[in-house]
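Colleague: I have this model open and would love a close look at one part only, namely any salt bridges and their surroundings. Could you take me through that part step by step?

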Amino acid sequence: MECAALAACCRKRGAKFGQFLFTADSLANVHEYVARSFGTGSHEKALLLGLDALRDYN
C-alpha cells in the first residue's frame, strides 16, 4: 500500500521511483506462527542484490 502511494506521487510529479521489497516472514497461519529470526541470515544478501540493481539502474 505504501509502495503504491509513493509510486503514484512520483508519477504525478514526474520523478523516478523504484522500491526493493524484502520479506522474511509469513503470517499465513497465525495460529501456528513460527518466528524465523526475521530473515536475519538473508539481510546482507538482499541488501547486496538491491545495491547491484540500483547500480545498474539508468
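Modeller: Gladly! One definition first: a helix here is a DSSP run of H or I with at least four residues, and helices are numbered from the N terminus. Please keep in mind that this is a predicted model.

With that rule, the chain has two helices and zero strands. The part you asked about takes us to helix α2, which covers residues 43-55. A search of the whole structure finds two salt bridges, and D52, R55 and D56 are linked by such contacts into a network.

Let's start with D52 and R55. Their closest N and O atoms are 3.1 Å apart, and the two residues form a salt bridge. The spacing along the sequence helps to explain the pairing: D52 and R55 are three residues apart in helix α2, so about one helical turn separates them. As a rule, side chains of opposite charge can pair when their charged atoms come close.

R55 also has a second partner. It forms a salt bridge with D56, where the closest N and O atoms are 3.7 Å apart. The cut-off for a salt bridge is 4 Å between a side-chain nitrogen of Lys or Arg and a carboxyl oxygen of Asp or Glu, so the 3.7 Å of the D56 contact with R55 falls within it. R55 thus appears in the contact with D52 and in the contact with D56.

How open are these residues to the surroundings? R55 has a relative accessible area of 59%, so it is exposed. D56 is exposed as well. D52, at 34%, is partly exposed, because that class lies between the 20% limit for buried and the 50% limit for exposed.

The charged network also has nonpolar company in the sequence. L54, which lies in helix α2, has 59% relative accessibility and therefore counts as exposed. Together with L47, L48, L51 and Y57, L54 makes a nonpolar surface patch of about 530 Å².

To set this part against the whole, 7% of the 58 residues of the chain count as buried. The accessible surface of the chain comes to about 5500 Å², and carbon and sulfur atoms account for 60% of that surface. So when you turn to the view again, start at R55 and follow its salt bridges to D52 and to D56.

Notes. Residues are numbered from 1 along each chain as its sequence is written. This is a predicted model: local features need pLDDT of at least 70, side-chain atom pairs count only at pLDDT 80 or more; totals for chains, interfaces and linings use all residues. Side-chain values use heavy atoms; hydrogens and water are left out. Patches are made of residues with over 30% relative accessible area and no salt bridge: like charges are joined within 9 Å, nonpolar side chains (Val, Leu, Ile, Met, Phe, Trp, Tyr) within 5 Å. Accessible areas come from the Shrake-Rupley method with a 1.4 Å probe; for residues, only the protein chains shown count as cover. Buried means under 20% relative accessible area, exposed over 50%, partly exposed in between (1.4 Å probe, protein chains only).
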